[in-house]
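Visitor: Could you take me through one part of this model at close range? I would enjoy a connected account rather than a list.

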Protein chains: 2
Amino acid sequence: MERAKTDPKQTLNIMGNSILKDINSMKNPGIVLPIRTLSNVFFDEKHRIIRLGDKISRRTYLNVAHTRKFMQTLLVAAECKKIMQQNVSTSIRDMYYILKRTIKNTNENTFEDQNESDPVLEDLEAALNTLREKLHLKADRKGYIAGPIKIVDGEDTIDCTRMGSSGWAIPSNVEPEVIQFRDCTADYVLVIEKDAVWQRLNEDKFWKKHNCLILTGKGQPARGCRRMINRLHNELKLPVYVLTDADAWGYYIYSVIKQGSINLSFLSDRLGTPDAKFIGLTTQDVQQFNIPKNVTIKLNEGDKKRANEMLNYVWFKPKEWQHEIKHMLQAGHKLELEALSSKGIRFISEKYLPQKIQNKEFLP
Amino acid sequence: MERAKTDPKQTLNIMGNSILKDINSMKNPGIVLPIRTLSNVFFDEKHRIIRLGDKISRRTYLNVAHTRKFMQTLLVAAECKKIMQQNVSTSIRDMYYILKRTIKNTNENTFEDQNESDPVLEDLEAALNTLREKLHLKADRKGYIAGPIKIVDGEDTIDCTRMGSSGWAIPSNVEPEVIQFRDCTADYVLVIEKDAVWQRLNEDKFWKKHNCLILTGKGQPARGCRRMINRLHNELKLPVYVLTDADAWGYYIYSVIKQGSINLSFLSDRLGTPDAKFIGLTTQDVQQFNIPKNVTIKLNEGDKKRANEMLNYVWFKPKEWQHEIKHMLQAGHKLELEALSSKGIRFISEKYLPQKIQNKEFLP
């Protein structure tokens, strides 16, 4: 089920007109919002992503518990309309500053801090079934890519084989309206949790030798990075392999790339890549690749608790994951990507990754 | 006083040979290290940078208080030599992993965590009078640049006017051996604390309209970014203007860009840019530019304490800074760059910066 594509300008207008109509006919004006709590989130087995259910609520002006948030939602919506009309974009922090003011003849501020404006913006995204980027809002860019692809970004065309030691920084907004792909000849995308490892592979020109794109999200990938992976897979039909630490945080990063997150479940079909495969690390690699024990890290109580929780997650139910998580608990250790350096500085690029890819040693 | 340029390969060999000589003649082997504590740091009034003094200590093998650190220093030095010979580079985190092991027939590890290896590396930099980048070590890249300059990075030439919405990500290593400048036609460099503001200016192509380079360090600039500013100023003779929040943290960022930091005082001549000027924000801007009071932020006790300390710093002694800091304390507020957005989304690019630059309204 692909959600219907919507034009945010149009849906924003429909929302505004509906409120206007309510007011003109002396009705209590309100906005319909999907409920975004855990109670309204489910795992869509068929499409293998986390989805938002169909429970909705109505945020109305004359409900005193809603009045402040109703006002804030309209302020954010009006500002989005304005910047879209001016055809500029702004940051979510700027948006907060633009809208913050003391309401005339009161002591009340429209927003106290950015923690009030960010969730309202997510509500608006969910209500309009859109991405904040389509409302011309952006966050900091985060993450880098290199390899045989050209990126068209506005008037500029960026050749990702010619970006030196830095790679191309992935912007917050990678929607097709602003970012297009050209001349991609890569066979797959390798997504790497850690930038230091990405830099190692970039220095070795791994992407050239193995004809692939290498991409890092620098930890948990930001939205732009996840949307990029989603588009590279869906539009260019590239397989996606994910490389993280062998620990609960690494496995969580993989799961968010693959099936989306609970918090942004309304965006999973645009941010998730259910066909992504996990290339490593696993705690089973320690034995298979003869990694010295003293670079593994002992599990603490938090790690064990987290691993036991993960055993029950529906997306970790495949037997390969159950086996890996149980193995982690039994071995009593986790390990970071940098641990591979103990086998030599080029072990990861010349041995570990080529062997895993050649033998298709992936977790699902 | 420019420090004598040294070849780290050569000084590393001298250090190693000296230790070998000690051992062969049955002497206690040792390394001479500059003392890097506050007691050995001073402000060089003539060159307007923070300097390391000439107090030294000797770290020796047979002093039990030194033995472990002596061993660690030699391990780091040996690994640096190795990666320099292989002509590869690695991250400071990788370095730690490569060197971490249990010493044979003992329960002792060479390093317990990265907090042990990083300071040892700084000691080695100071002892060899070099940068870690010259020892082929790097950190994450941080910060971005755009504008009329071409960057030669290895085999690639990057045109910083054609980098789309992202800009060019500044790598950790920007030493002349790996990064060269070409065809720069800019009149000045604008250094911006916040990436969101950088993005605003990049979207408005501020660098094109005002013929400048725009650079952000994303908060406190990393070493690569500070070295980049230093080189742009010294090699291309570009004036440097710094734009930060009007708060103690922003003023501190400016001071580090300008005269270096206490911790890395041995690198100030390579990382500092004493001719840098402060373009804003100042708390005096609130009145001058009629910025609404409700986007200013009330000073808390910590802010006031910090401001009072700053009044005594030798680098904030110029009367303009004394006046600004006293004004901040008197007005009782600070403000962030985003506060300018309350005057309209393009106020910063079309009014604030052009006026300050045209009238040369800088703090020293």
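Visitor: Which of the residues of chain B comes closest to the rotation axis?

Guide: Happy to help, and please keep in mind that this is a predicted model. The residue you are after is B:A169, whose C-alpha comes to 3.3 Å from the rotation axis, closest of the residues of chain B. The axis itself comes from superposing the copies: a turn of 180° with a shift of 0.0 Å along the axis lays chain B on chain A, and the RMSD is 0.0 Å. The two copies are therefore related as by a two-fold rotation axis.

From there we can look at where the chains meet. On one side 41 residues of chain B take part, in contact with 42 residues of chain A. Several elements of chain B give two or more residues to this side: strand 5 (90–91), helix 3 (92–99), strand 9 (156–159), strand 10 (168–169) and helix 5 (195–203). The most comes from helix 5 of chain B, which gives five residues. By class, the side of chain B that touches chain A holds 15 nonpolar, 13 polar and 13 charged residues. Of the interface residues of chain B, 100% are also interface residues in chain A, so the copies meet through the same surface.

Helix 3 of chain B deserves a second look, as one of the elements on that side. Within its own chain, helix 3 of chain B packs with helix 4 (residues 114–128) of chain B at an angle of about 110°, and the axes are 9 Å apart. Angles of 65 to 115 degrees count as roughly perpendicular, so helix 3 of chain B is roughly perpendicular to helix 4 of chain B. The crossing of helix 3 past helix 4 in chain B is right-handed. Helix 3 of chain B brings B:I92, B:R93, B:M95, B:Y96 and B:L99 to this contact, while helix 4 of chain B brings B:Q114, B:S117, B:D118 and B:L121. Sorted by class, the residues of this contact between helix 3 and helix 4 of chain B are five nonpolar, two polar and two charged.

For some context from the other copy, chain A is divided into domain 1 (8–138) and domain 2 (144–358). The C-alpha centres of these two domains of chain A lie 33 Å apart, and their contact takes 17 residues from domain 1 of chain A and 17 residues from domain 2 of chain A. On the domain 1 side, strand 2 (41–44) and strand 3 (49–52) of chain A each supply at least two residues, and strand 3 of chain A gives the most, with four residues.

How values were computed:
Residues numbered from 1 in each chain as written. Chains lettered and ligands numbered in written order. Predicted model: local features only at pLDDT ≥ 70, side-chain atom pairs only at ≥ 80, totals over all residues. Contact = placed C-beta atoms within 7 Å. Nonpolar A, V, L, I, M, F, W, Y, C, P; charged D, E, K, R; others polar. Least-squares fit on C-alpha atoms with pLDDT ≥ 70 in both. Domains from an automatic or database assignment. Axes fitted to C-alpha atoms, helices over the stretch in contact; angles between N-to-C directions. Parallel < 35°, antiparallel > 145°, perpendicular 65-115°, else oblique. Left-handed = near helix turned anticlockwise from the far one by under 90°.
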